[in-house]
Amino acid sequence: MITFTKKIKKMKSDKKYGVIDVGSNSVRAILYSDGKILYKRLITSRLGEGLYLTGNITESAFERTLNAVKTFVYNLVALGADEIYPFATEAVRSAKNGKEFTEAVTTATGLTVDVVSGEEEGELGLLGALKTPNGGIIDIGGASAEIVATKDKKIIYSHSLPLGAVRLHDRCGEDENLLKTAVDERIEEYGKVPVDIDYYAIGGTATTVGMIDARLLVYDENVVDGRRIEYSKIVEIYNTVKNLTVSERIEKLHINEKRAEIIVGGIYLLKRIMEQFKIEKITVSEGDNMLGYVKKKILGESYER
């Protein structure tokens, strides 16, 4: 077992910080130092698979995800990380056995998993995506969807719903009538969402939409990041994707297999949010809650509330 410093200190330019995001669809990791991301990887472990049906993290998802976390810890140590910070989102915070999972991570690695709230998850996404004091994010994750908006570095709106690409897949498959029912019964909970700002879309659904829009054969974050996509194009992409089989999405659109299995519900939710709140276009951002975690927990940045 490897023990790391738990206390967050003022960042030194020569220190290397590892961050591990235990998400509902994938586990991701970055190594950050002196304003640069030196390493960035993803393992699709589908932690939230079956969560809607049972309320628990399944045994297989538990093991897959624990192994992914351990892999990233070892990789980050090998790359010279001085401190490593794992955090978890909706699948862990809502699962009845979420605490059991975080305890297993601690036993295996010596690290304490920071289970962030939906509100904080939204702020982390905002910190990672925005480069200006004004704007908003739409974060379609595996098990939750956050909308957050800020003006003059003050959060003016924030809400998280327990809807995401994995949860919708488990509940609805790709049946559009079921997707409509599942989303429509919760979407009003967002209330009055600010619309006079620019929205950035983050997460795997958004970056996949950006890849499809750019017609990429191989994912290139430099092409996807900052790509502006109008609502009408989102609708077009949704219709294209839903009419292809999983194997056709992989072959024709070059989407990763695990993402291809769940992408329909994710794009439907993004489309429906834009439609509901009359958001005319989004900008896809590679900056997300992992970078936001660095900024808040290590660099000490935050938004006023």
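Me: Is Thr-150 buried or exposed?

Reply: Thr-150 has 0% relative accessibility. The cut-offs are under 20% relative accessible area for buried, over 50% for exposed, and partly exposed in between (1.4 Å probe, protein chains only). At 0%, then, Thr-150 counts as buried.

Me: What kind of model is this?

Reply: Residues are numbered from 1 along each chain as its sequence is written, and side-chain values use heavy atoms, with hydrogens and water left out. Local features need pLDDT of at least 70, side-chain atom pairs count only at pLDDT 80 or more, and totals for chains, interfaces and linings use all residues, since the model is predicted.

Me: Which strand holds Thr-150?

Reply: Helices (H or I, at least four residues) and strands (E, at least two) are DSSP runs, numbered from the N terminus. The run to look at covers residues 145-151. Thr-150 therefore falls within that run, which is strand E7.

Me: Which residue offers its backbone oxygen to the side chain of Thr-150?

Reply: A polar contact is a pair of N or O atoms within 3.5 Å; within protein, one must be able to donate a hydrogen and the other to accept it, and residues adjacent in sequence count only if both atoms are side-chain atoms. A polar atom of the Thr-150 side chain lies 3.0 Å from a backbone oxygen. That oxygen belongs to Lys-154.

Me: Leaving aside its neighbours within four places in sequence, which residues is Thr-150 in contact with?

Reply: Contact here means heavy atoms within 4.5 Å. Part of the list is Leu-126, Leu-130, Pro-133, Asn-134 and Gly-135. The rest is Ile-155, Ile-156 and Tyr-303.

Me: Is Asp-152 buried or exposed?

Reply: Asp-152 is in the loop between E7 and strand E8 (154-161). Its phi is positive, about 55°, although it is not a glycine. With a relative accessible area of 59%, Asp-152 is exposed.

Me: In what order do the 5 strands of the open sheet lie?

Reply: Two strands pair if DSSP finds at least two bridges between them. The pairing in this sheet is mixed. For example, E1 and E2 pair in the antiparallel sense over 6 bridges, while E1 and E4 run parallel, also joined by 6 bridges. The order is E3-E2-E1-E4-E5.

Me: Which strands stand at the edges of the sheet?

Reply: An edge strand has a single partner strand, so one side of it is left without a neighbour in the sheet. That description fits strand E3 (36-44) and strand E5 (114-115).

Me: Which helix packs on the sheet?

Reply: The helix touches strand E1 (17-22), strand E2 (26-33), E4 and E5. Its direction makes about 50° with that of E2; axes are lines fitted to C-alpha atoms, for helices over the stretch in contact, and angles run from 0 to 180 degrees between N-to-C directions. The helix covers residues 289-298 and is H13.

Me: Which residue of E4 stands opposite Val-22?

Reply: Strand E4 covers residues 83-88 and is joined to E5 by 2 bridges, running parallel. The residue asked about also stands opposite Val-115 in E5. It is Ala-88.

Me: How many residues of E1 are buried?

Reply: On one side of E1, Tyr-17, Val-19 and Asp-21 are buried. On the other, Gly-18, Ile-20 and Val-22 are buried too, so both faces are covered. Of the 6 residues in E1, the number buried is 6.

Me: How many residues of helix H6 (residues 165-172) are buried?

Reply: The buried ones are Ala-165, Val-166, Arg-167, Leu-168, Asp-170 and Cys-172. They pack against helix H1 (51-54), helix H3 (90-94), helix H7 (176-187), helix H8 (204-214) and helix H12 (257-276). H6 is mostly covered, and out of its 8 residues the buried count is 6.

Me: What is the radius of gyration of the protein?

Reply: The radius is taken over C-alpha atoms, and the globule rule is 2.2 Å times the number of residues to the power 0.38. With 305 residues, a compact globule would have a value near 19 Å. The protein agrees with that, at 18 Å.
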